[in-house]
Amino acid sequence: MILVGDVLVDESIIHAKFACNTSVCKGACCTLEGGGGAPLTDEEAKIMRNLGDAVSPYLSDRSRKIVQNRPVEGLSGDYSTTCIDNRACCFVYHDKNGIAKCSIESAFFDGKTDFRKPTSCHLFPLRVGEFGGSYLYYEHFDECNPGREHGAKHQIFLLDVLQPALKRAFGEQWVNELNRQVDARRTENNSSSENNKRA
């Protein structure tokens, strides 16, 4: 673990290689089986209840009805997006290649809303846990193996990909401190590896 501000960060995140490869995974993160949708803050839950007009053009009739009537489940402090058939988030649609996409993000890029998507989705596959304080960890899903393989092949660090999401969640100053500690750990790790090779 490393401590950045008041957030504990799982050290495995530092060295993880990851870059989404949706042409292979088909947007699996939006359709994971289990029935639990994207975790939402109370403020995000309010926003999600009023996105119907912005996202409706992208959705199927069934999804559109759910988004208009009951897009959010749970109680204050434990809200999530509603899932369909215990799988796909109700805000999901599929493009012509069968890739699951977020109607909220599509509406954002099309200038129909200034809300990009829930923070928990933006940070994925990182998760924020709470146990008397915040804990940032990397949750492994088999469905994300293509992202790990793609990241390893092209030497792309997960933390580099998620810089915008981390700044949104924790602020730029916090991310600067995280990057400082990460750079120091990676330098230390590389030095140790070189010394081991010489030995």
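**Entry 1: a term to settle first**

I count a residue as exposed when its relative accessible area is over 50%, as buried when that value is under 20%, and as partly exposed in between. With this in hand I looked up Asp-85, and because its relative accessibility is 54%, I entered Asp-85 as exposed. I also noted at the outset that what I am reading is a predicted model.

**Entry 2: the chain as a whole**

I began with the overall inventory, and for the secondary structure of the chain I wrote down 11 helices and 11 strands. The C-alpha trace spans about 65 × 40 × 30 Å along its principal axes. Of the 199 residues in the chain, 44% are buried. I then turned to the surface, where the accessible area of the chain comes to about 11,200 Å², and 47% of that area belongs to carbon and sulfur atoms.

I next asked myself what share of the contacts between residues at least 6 apart in sequence joins residues at least 24 apart. The share I found is 65%. For the charges, I noted 24 positive and 27 negative ones in the chain, and the mean positions of these two groups lie 5 Å apart.

**Entry 3: the sheet of four strands**

Before tracing any sheet, I reminded myself that the strands of a sheet pair through backbone hydrogen bonds, and that this pairing can be parallel or antiparallel. I followed an open sheet whose four strands come in the order β1-β2-β11-β10, and the pairing in this sheet is mixed. Which strands stand at the edges of this sheet? They are β1, residues 2-4, and β10, residues 126-130; each has a single partner strand, so one side of each is left without a neighbour in the sheet. I also recorded that neighbouring strands of this sheet are turned against each other by 30 degrees on average, with direction ignored.

I looked at the β10 edge in more detail, and I found that β10 pairs with β11, residues 134-138, in the antiparallel sense over five bridges. In this region Glu-130 stands opposite Ser-134, which belongs to β11.

Just ahead of β10 I stopped at Pro-125, which lies in the loop between α7, residues 119-123, and β10. The peptide bond that leads from Phe-124 to Pro-125 is cis, with omega near 15 degrees. I marked this bond for a second look because most peptide bonds are trans.

**Entry 4: the sheet of three strands**

I then traced another open sheet, in which three strands follow the order β3-β5-β4 with antiparallel pairing. Here β3, residues 39-40, and β4, residues 72-75, are the edge strands; each has a single partner, so one side of each has no neighbour in the sheet.

How many bridges join β4 to β5? I noted four bridges between β4 and β5, residues 78-81, and these two strands run antiparallel. Glu-73 stands opposite Ser-80 in β5, while the bridge partner of Leu-75 in β5 is Asp-78. The hairpin of β4 and β5 has two residues between the strands, and in this hairpin Gly-77 takes a positive phi near 90 degrees.

**Entry 5: positive phi outside glycine**

I searched next for residues with an unusual backbone angle, because most residues other than glycine have a negative phi. Asp-85, from my opening entry, has a positive phi near 55 degrees although it is not a glycine. Asp-85 sits in the loop between β6, residues 83-84, and β7, residues 88-89.

Gln-155 also has a positive phi, near 55 degrees, and is likewise a residue other than glycine. I placed Gln-155 in the loop between α8, residues 145-154, and α9, residues 158-161. Is Gln-155 buried or exposed? Its relative accessible area is 54%, so I entered Gln-155 as exposed.

**Entry 6: helix α8 and its buried residues**

Since Gln-155 follows α8, I went back along that helix and listed its buried residues, which are Pro-146, Gly-147, Arg-148 and Gly-151. These buried residues pack against α2, residues 22-25, and against β11, a strand I had already met in the sheet with the order β1-β2-β11-β10.

**Entry 7: Ala-169**

My last stop was Ala-169, which I placed in helix α10, residues 163-170. Because its relative accessibility is 33%, Ala-169 counts as partly exposed. Which residues does Ala-169 touch, not counting those up to four places away in sequence? I found Thr-119 and Leu-123. I also looked up Asp-61, which is 108 residues from Ala-169 along the chain, and the C-alpha atoms of these two residues are separated by 33 Å.

How values were computed
Residues are numbered from 1 along each chain as its sequence is written. This is a predicted model: local features need pLDDT of at least 70, side-chain atom pairs count only at pLDDT 80 or more; totals for chains, interfaces and linings use all residues. Side-chain values use heavy atoms; hydrogens and water are left out. Buried means under 20% relative accessible area, exposed over 50%, partly exposed in between (1.4 Å probe, protein chains only). Contact means heavy atoms within 4.5 Å. Accessible areas come from the Shrake-Rupley method with a 1.4 Å probe; for residues, only the protein chains shown count as cover. Lys and Arg count as positive and Asp and Glu as negative; His and the chain ends are not counted. The place of a charge is taken as NZ of Lys, CZ of Arg, CG of Asp or CD of Glu. Two strands pair if DSSP finds at least two bridges between them. Axes are lines fitted to C-alpha atoms, for helices over the stretch in contact, and angles run from 0 to 180 degrees between N-to-C directions.
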